[in-house]
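User: Please take a close look at the salt bridges in this model. Which side chains pair, and how open to solvent are they? Then place them against the sheet.

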Amino acid sequence: MSIFGTLSTLRNWTCLRTLESEIIRHIRDFIQCLGSGFCFVGNQHRIEVGGEEFFADLLFFQRDLKALIVIELKKGKFKPAYLGQLNFYLSALDEQERKEGENPAIGILLCREANKSVVELAIRDYTQPMGVATYRTADELPENFRVLAPIIEEVPKMLDAGELDNGEK
């Protein structure tokens, strides 16, 4: 099963918080899509710094990499500010939660779209291991991948549905 196949079963949601809830309900399938060695730590993982609270969308531990993996979900187009938020989470996790023998936390930012030139410039000087990923609609697929269209169509529908809690994602 692919990650898109798993996400395509999550139809009844109106915001990213609901998507997170649905991923949690189907966590075994979602983790299998990520690959072997992933362990779910939590969603809306609380990080406290200087008496303020922050929440990482999804947190995993990857056994082979020996590292925490943060996945941040963003509804719209990539913004360079998102990397600052992700970098902050990674630094806080490394300082507060990383155990001896573990590697630095890794961040994955999942956006609806991203301008490659903007992403490359925005990420260039960060030292934390981070990446930006996008998803495609079925119309954007090369012809030989159109067989996947029914599965892939669900991801943008889910991310485009409804208003978000904070209007940022």
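Analyst: Lys 116 is exposed, with a relative accessible area of 62%. Glu 120 counts as partly exposed, at 44% relative accessibility. These two side chains meet in a salt bridge, at 3.9 Å from N to O. The cut-off is 4 Å, so a distance of 3.9 Å qualifies. Both residues sit in helix H5, which covers residues 116-123. They are 4 residues apart there, so about one helical turn separates Lys 116 from Glu 120. Elsewhere, salt bridges with shared partners link Arg 46, Glu 48 and Glu 53 into one network.

Note that this is a predicted model. The count under the rule used here is 5 salt bridges.

Within the network, take Glu 48 and Arg 46. They form a salt bridge whose closest N and O atoms are 2.5 Å apart. Glu 48 is partly exposed, at 35% relative accessible area. Arg 46 is partly exposed too, at 41%. Both values fall between the 20% and 50% limits, so neither residue is classed as buried or exposed.

Now Glu 72 and Lys 74. They also form a salt bridge, with the closest N and O atoms 3.9 Å apart. The setting is another matter: Glu 72 is buried, and Lys 74 is buried as well. Buried means under 20% relative accessible area, so that limit holds for both partners.

What could bring such pairs about? Side chains of opposite charge can pair when their charged atoms come close.

Next, the sheet. Five strands make an open sheet, ordered E1-E2-E3-E4-E5, with mixed pairing. Strand E1 (38-49) and strand E5 (130-134) stand at the edges. Each has a single partner strand, so one side of each lacks a neighbour in the sheet. From one strand to the next, the twist averages 30 degrees.

Arg 46 and Glu 48 fall within the residue range of edge strand E1, 38-49. Glu 53 falls in strand E2, residues 52-62. Glu 72 falls in strand E3, residues 67-73.

E2 and E3 pair in the antiparallel sense over 5 bridges. One detail of this pairing: the bridge partner of Phe 61 is Leu 68 in E3.

Finally, helix H4 (residues 80-96) lies across E1, E2, E3, strand E4 (106-111) and E5. The helix runs at about 95 degrees to E1.

How values were computed: Residues are numbered from 1 along each chain as its sequence is written. This is a predicted model: local features need pLDDT of at least 70, side-chain atom pairs count only at pLDDT 80 or more; totals for chains, interfaces and linings use all residues. Side-chain values use heavy atoms; hydrogens and water are left out. Buried means under 20% relative accessible area, exposed over 50%, partly exposed in between (1.4 Å probe, protein chains only). Helices (H or I, at least four residues) and strands (E, at least two) are DSSP runs, numbered from the N terminus. Two strands pair if DSSP finds at least two bridges between them. Axes are lines fitted to C-alpha atoms, for helices over the stretch in contact, and angles run from 0 to 180 degrees between N-to-C directions. Contact means heavy atoms within 4.5 Å.
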